[in-house]
Amino acid sequence: MNATPYSIIRPIGGGSFGQVFLCQHKKEKQLYVLKKIRLQMMDEKEQESTEMEVRLLSNLRHPNIVGYKESFIMLDTGDDLGGEGGMKSDLPPREDLVLCIVMEYCEHGDLYTLLKRREAKNKGTYSETKVVEWFIQVVLALHFLHERRILHRDLKTQNIFLAGRGSKRPDDDSAGNFALKIGDFGIAKVLDSTRDLAMTQIGTPYYMSPELFKNRPYDFKSDVWALGCILFEMLTFKHAFDAQSINGLAFKILKGKFEPLPASTSEEMKQLVSALLCTNANHRPTLREIFHIPFIRKRIPSVV
Ligand code: ADP
Ligand code: MG
């Protein structure tokens, strides 16, 4: 890693296609996230499409999308993978070609963890006002992508990150000083294509829309379905569709049957969730239509 302007601080997660590290720019001192993707695991076509995707990502700038810093390909000798004091073994040094993607570090982690932490504290669900504020941020980002004909294809609470400037922890009721940012996209879109099966087997396809279970191609409305699942989760801390087995899950999703929202939920919110989770993709709203729903519209910040 010495040849790069970054020093690795610690691993923060094993991504599906490589590793994710917290790192620091040696000169700027700014913290970033560095994602390493092993290119040698891919065939030439996969490599090309990954690189193309990165070029596409590099042009996306939106306050609710995890910021892209730069990317480069390097020969990874494996000596820094464990960070400081990493394991030294007798194994010959690994030399892998890796694609490194450097992006904004979202210091409050991801939305999934935030919701789980709040649930564990038994402090009840978040207010609808808060949820709408978050939802709008995700909608703004997704609208930005869809306008550019980009599908996210892997929207889930784990891929929504929280960046904040304040010192308050975002699970504090009064906290609002952080932004939701969609991350981990595009890459998944390209890489998934050859590994769909593996993903289905190891992952938990809670966010898969009915049309995907029918082997129809992924489309903008499939992102809208996932958006509905995310909204449901923000309101209840539960997956909209949950089952013990993939067949059980497919059954529920194809029927579009989800647990009723708490009685305290407003009618407008209930209608919105039902619209997003409509089994007929054509009847799901587009993002533009979501913006025109009065109770959403009036909460959209005027300067965006
Ligand atoms: P994958 O879904 O392939 O595992 P992700 O990029 O979603 O890869 O994330 C892997 C891990 O790194 C997760 O634990 C996630 O919370 C963390 N992570 C990823 N990107 C960021 C980021 N920009 N800021 C903070 N944490 C991140
Ligand atoms: Mg992810």
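Visitor: Which residues does F213 touch, not counting residues up to four places away in sequence?
Guide: This is a predicted model, in which local features need pLDDT of at least 70, side-chain atom pairs count only at pLDDT 80 or more, and totals for chains, interfaces and linings use all residues. Residues are numbered from 1 along each chain as its sequence is written, while chains are lettered from A and ligands numbered from 1 in the order in which they are written. Two residues are in contact if their C-beta atoms, placed from the backbone, lie within 7 Å. With residues up to four places away in sequence set aside, F213 touches M208, A250, I253 and L254.

Visitor: Is F213 buried, exposed or partly exposed?
Guide: F213 is found in helix α5 (residues 210–213), where helices (H or I, at least four residues) and strands (E, at least two) are DSSP runs numbered from the N terminus. A residue is buried if 20 or more other C-beta atoms lie within 10 Å of its own, exposed if 12 or fewer, and partly exposed in between, with C-beta atoms placed from the backbone. Because 15 other C-beta atoms lie within 10 Å of F213, its class is partly exposed.

Visitor: How far apart in space are F213 and E289, C-alpha to C-alpha?
Guide: In sequence, F213 and E289 are 76 residues apart. In space, their C-alpha to C-alpha distance is 25 Å.

Visitor: Why is α6 largely enclosed by the rest of the structure?
Guide: Helix α6 (residues 220–236) has 17 residues and reaches 25 Å from its first C-alpha to its last, close to the 24 Å expected at 1.5 Å a residue. That expected span is 1.5 Å times one less than the number of residues. The helix is largely enclosed because, of its 17 residues, the number buried is 16.

Visitor: Which residues touch the most other members of the largest nonpolar core?
Guide: A nonpolar core is a set of buried Ala, Val, Leu, Ile, Met, Phe, Trp, Tyr and Cys residues joined through C-beta atoms within 7 Å. In soluble globular proteins, nonpolar side chains tend to be buried together. L231 is in contact with F135, V273 and L276, leaving aside its neighbours within four places in sequence. Among the 63 residues of the largest core, those touching the most other members are V138, L227 and L231.

Visitor: Which residue with positive phi follows α6?
Guide: The residue in question is found in the loop between α6 and α7 (246–255). With 16 other C-beta atoms within 10 Å, it is partly exposed. Its phi is near 70°, a positive value in a residue other than glycine. The residue following α6 is F237.

Visitor: Is R149 buried or exposed?
Guide: R149 lies in the loop between α3 (128–147) and β6 (160–164), and its phi is near 60°, a positive value in a residue other than glycine. Because R149 has 7 C-beta neighbours inside 10 Å, it counts as exposed.

Visitor: Which residue does the UniProt annotation "binding site" cover?
Guide: The annotation comes from an unreviewed entry; UniProt positions are given in the numbering used here, feature names are shortened, and annotations may be inferred rather than shown by experiment. The place of K35 is in strand β3 (residues 31–38). With 22 C-beta neighbours inside 10 Å, K35 counts as buried. The residue covered by "binding site" is K35.

Visitor: Which element has the lowest mean pLDDT?
Guide: The measure pLDDT is the predictor's confidence in each residue, from 0 to 100, and the protein averages 83. Helix α8 (residues 267–276) has the highest mean, 98. Over residues 190–203 pLDDT stays under 50. The element with the lowest mean, 43, is helix α4 (residues 187–202).
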